[in-house]
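The exercises that follow ask you to read a structure step by step, and each task is followed by a worked solution. Please keep the sequence and the model open beside you as you work.

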Amino acid sequence: MTDVAIEILKYLIFPGAFFILLWTVFLSWWDRKAYAKLQNRIGPPLLWIPQPLLDVIKLLAKEDITPDEVDKYGFILAPVGLLLVALTTAFFVPVYHNWGIVSFEGDVFVLVFLLAIFGALVLLMGWFSNNPYSLVGGGRAAAQELAFEIPLGLAFVGPIILTGKFRISEISATMYERVIDYPASLIPLAILFGIALLSVTALLEKVPFDTPLDEMSIVGGWTAEYSGRKYGFITLAELVLEFSLAGILAALFFGGIPTEFVEEMDKEAIYVVSTVLFLIKTIIIVLLIAMIRGLHGRVRIDQLMTMFWRWLVPLSLICVVAIMGIVTYM
Amino acid sequence: MVTVEEEFDGAVGTPPAAGDYRVIVGPQHPTHKEPMRWTFYVTGEKIEAVGLRLGYNHRGIEKAFEQRTWLQNLYLAERLCGICSNAHQLAYVNVCEKLANLYDEVPERAKYLRVLVHEMERIHSHLLYYGVLAHDAAFDSFWHLVWRDREIIMDLCEKITGNRVNYAFPTMGGARRDVTPEQAREYIQDLKILRKKVEGHKKWAEKERTFYVRLKDVVPLSREKALKYCAVGPTARASGVPWDVRKDDPFEVWDKLDWKRVVYHGCDLYDTMRVRIDETFQSIDQCIQCLEWLQDNPGDIRIRFPARIPPNEVVHHVEAQRGEDIHYGRSNGTAQPDRYKIRAPTLANLPSLCYRLKGAYVADIPVAIRSIDPCIGCCERIAIVKTDERKVMLMTTDEIRARGRRFYKHGSPIF
């Protein structure tokens with residue numbers, strides 16, 4: 001009975017929904033604060049309720065408009081689907097002791113699949129909105145999805161080959177030892193981390209890769225017709241996705257606590273230490289994303305496609321082959 | 001989805017057959033700071049045809065000129081626009097002085113003061129321009145930092161003229177305020193600080209790769225096309241047309257200052273930005289020279305100007321920040337002008353912009369429109385209204401006013 005209660009609490013409180021939302025809100029605040037500091041602004045304050053949460057609450061309380069011309073069911077259901085997909089990916093994140101709530105053999109590939117569903121939903125939202133701005137935005141989102149998906153997938157393959165595991169938690173646990181065994185693999189791994197970071201920026205549709213949301217030429221792109229609760233869902237989904245991608249990158253590229261330390265320490269201590277390490281790692285990754293956002297302008301969609309297909313796809317392939325060679329011959 | 005319809009709601013031309021659907025930008029749109037309506041007929045993301053409709057900001061200012069005295073019009077002239085307020089006022093003041101044949105009697109100190117304020121206005125307008133250009137390309141950090149540094153020149157404008165935007169500085173027969181030698185020394189220091197900051201902006205704007213690829217070779221305007229479509233100002237100078245009124249037809253004291261005209265031959269958005277950044281340096285140099293001259297040469301800043309101007313007719317042009325600004329005035333011996341006409345630089349640049357936008361991508365729209373630094377406040381004063389029934393209607397101010405009265409009384413539609 002107690003075990004069942006603990007399992008349920010895991011899903012609901014820690015590291016489940018409540019913790020995910022809490023840390024999501026903090027990371028979003030941190031992103032905006034770092035971005036503001038780069039621009040010599042003050043940025044949102046961290047009160048007892050952080051600014052991003054207030055934003056979402058405000059959106060949920062606003063009038064919710066469904067225009068006459070849109071495809072009604074699709075228009076209403078797509079944001080809900082977006083939030084569901086984002087929350088599902090968040091459950092894969094190994095918060096403490098290298099373990100996510102959902103963890104099974106091959107979960108990395110399921111994760112990539114879920115991210116593709118996210119992109120497909122965005123395209124559909126642009127189509128359902130029945131508006132030239134949204135249509136252009138949705139088309140750009142689809143093109144962008146095709147561009148960044150392959151580099152992102154190949155970047156995930158790097159750690160998989162290095163550790164020989166298909167489970168995020170096991171990759172995270174054995175990363176440290178494998179890098180000690182093959183120190184030469186650090187260079188391709190670092191390049192893959194950079195590629196993954198750029199792809200994640202494109203997935204989250206942040207500057208310089210926010211062409212689908214271009215608020216200057218197409219007025220918010222695929223979100224143009226959304227308002228009120230539905231837009232609140234979209235915002236929340238994007239915030240949660242930022243959390244989960246930062247967590248996944250932290251697990252795959254920064255690694256978790258290695259097994260020999262785990263055996264020496266007590267159970268309680270390991271929970272606390274691993275959680276704190278996770279929080280620090282996500283903060284660093286979100287800071288990097290904020291810096292990419294602050295130091296560049298928006299590229300055009302054709303320039304983005306050129307960048308990803310011509311440079312990042314071959315580069316990620318080369319890095320994967322290099323890791324393969326290092327693991328096999330050194 | 002909106003498909004291409006039979007009716008073409010652009011101001012000029014016939015309905016184009018090309019294009020899958022149309023993207024309408026304006027009259028209210030994040031790209032526009034002032035209302036204008038663009039209709040882009042788009043295939044995929046490529047623009048096939050462009051329609052433009054103006055007239056949302058028509059205020060009948062030219063008619064208002066004829067109903068007020070020359071002195072009252074001084075305050076009307078600076079309210080044509082916020083950012084180029086001093087350019088219009090300077091042109092108006094010069095027209096008045098030339099009409100009364102008093103232009104040569106204006107004290108030299110007043111002319112230096114006017115040039116000083118005009119160039120300071122150019123500096124803040126150009127800083128605003130390339131800040132907003134960066135914002136249009138989502139390069140927001142650059143925008144915020146440029147606008148932070150713009151405060152230096154805005155404060156300086158406030159110190160010299162008493163206002164941050166509408167300066168009310170030149171007046172018929174001179175200038176309204178003076179600068180003491182101590183103040184001049186202090187302002188020169190501020191301008192030197194600003195010059196260093198602008199050097200930083202230039203370095204950053206030219207170095208940043210994502211910004212560069214958004215501007216380089218985008219919506220080109222060749223020298224021939226610039227001449228054909230009568231582009232003026234920085235738009236023309238970026239296409240290799242070396243036309244600058246301050247150099248080619250000097251007025252006030254620009255011929256006595258040491259400065260170079262800025263011309264680039266890249267014919268694209270990148271060079272329109274570079275022209276403006278380099279002109280900012282030239283303007284800062286001119287301001288410093290003016291302040292140094294003002295330190296050493298005390299004197300009067302105003303002469304008496306008559307209330308009535310004898311019958312005469314004058315065309316005058318000044319180099320505003322956005323290009324050549326032409327004013328025409330006709331006096332009839334009374335205290336009021338007989339006719340006053342203004343050709344603002346934005347109107348001259350719009351045809352070339354329409355030409356440039358054909359064949360561009362949807363993503364280029366904001367930066368391309370920003371390239372001429374559109375100022376609809378100056379541009380729109382024509383009393384031609386086109387209705388939806390494909391009719392051209394010429395409406396007088398009285399007619400519009402009568403319709404306005406009916407609207408407020410009975411709620412009947414204005415147009």
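**Exercise 1.** Decide how far strand E2 of chain B is covered, and find which strands pair with E2(B).

*Solution.* Begin with the cover in this predicted model: strand E2, residues 37–43 of chain B, has 6 of its 7 residues buried and is therefore mostly covered, where buried stands for a relative accessible area under 20%.

Next, look for the partners of the strand. Strand E1 of chain B, residues 21–25, pairs with E2(B) in the antiparallel sense over 5 bridges, and within this pairing B:Val23 stands opposite B:Phe40. Strand E3 of chain B, residues 46–53, is joined to E2(B) by 7 bridges and also runs antiparallel to E2(B), with B:Val42 standing opposite B:Ile47.

Finally, examine the connection between E2(B) and E3(B), which is a hairpin with 2 residues between the strands. B:Gly44 lies in that turn and has a positive phi of about 65°.

**Exercise 2.** Describe how strands E6 and E7 of chain B are paired and connected.

*Solution.* Locate the two strands by their numbering, E6(B) at residues 312–320 and E7(B) at residues 323–331, and note that they pair in the antiparallel sense over 9 bridges. Then pick out a facing pair within this arrangement, such as B:Glu319, which stands opposite B:Glu324 in E7(B). To complete the description, follow the backbone from one strand to the other, where a hairpin joins E6(B) to E7(B) through 2 residues.

**Exercise 3.** Summarise the secondary structure of chain A, and judge its compactness from the radius of gyration.

*Solution.* Count the elements of chain A, which come to 12 helices and 0 strands. The radius of gyration of chain A is 20 Å, close to the 20 Å that the globule rule gives for 330 residues, so chain A is as compact as a globular protein of that length.

Continue with the dimensions and the packing. Along the principal axes, the C-alpha atoms of chain A fill a box of roughly 60 × 55 × 40 Å, and buried residues make up 55% of the 330 residues. Among the contacts in chain A with a separation of 6 or more, 80% are between residues 24 or more positions apart.

Close with the surface and the charges. Chain A exposes about 14,200 Å², of which carbon and sulfur atoms supply 72%. The chain carries 21 positive and 29 negative side chains, and the centres of these two sets lie 7 Å apart.

**Exercise 4.** Find where A:Pro208, A:Asn130 and B:Glu252 are placed, and describe the backbone at each of them.

*Solution.* Take A:Pro208 to begin with: the peptide bond leading to A:Pro208 from A:Val207 is cis, with omega near 5°, and A:Pro208 is placed in the loop between helix H8 (186–203) and helix H9 (228–254) of chain A.

Turn next to A:Asn130, a residue other than glycine whose phi is positive, near 60°. A:Asn130 sits in the loop between helix H5 (107–128) and helix H6 (132–163) of chain A, and with a relative accessible area of 27% A:Asn130 is partly exposed.

The remaining residue is B:Glu252, again not a glycine, with a positive phi near 50°. B:Glu252 is found in the loop between helix H10 (245–248) and helix H11 (269–296) of chain B. Its relative accessibility is 8%, and B:Glu252 therefore counts as buried.

Definitions and conventions: Residues numbered from 1 in each chain as written. Chains lettered and ligands numbered in written order. Predicted model: local features only at pLDDT ≥ 70, side-chain atom pairs only at ≥ 80, totals over all residues. Heavy atoms only, no water. Helix = DSSP H or I, 4+ residues; strand = E, 2+ residues; numbered from the N terminus. Rg over C-alpha atoms; globule rule 2.2 N^0.38 Å. Buried < 20%, exposed > 50% of the residue type's maximum accessible area, 1.4 Å probe, protein only. Contact = heavy atoms within 4.5 Å. Areas by Shrake-Rupley, 256 points an atom, 1.4 Å probe, with all protein chains shown as cover. Lys, Arg positive; Asp, Glu negative; His and termini not counted. Charge placed at Lys NZ, Arg CZ, Asp CG, Glu CD. Pairing = 2+ DSSP bridges.
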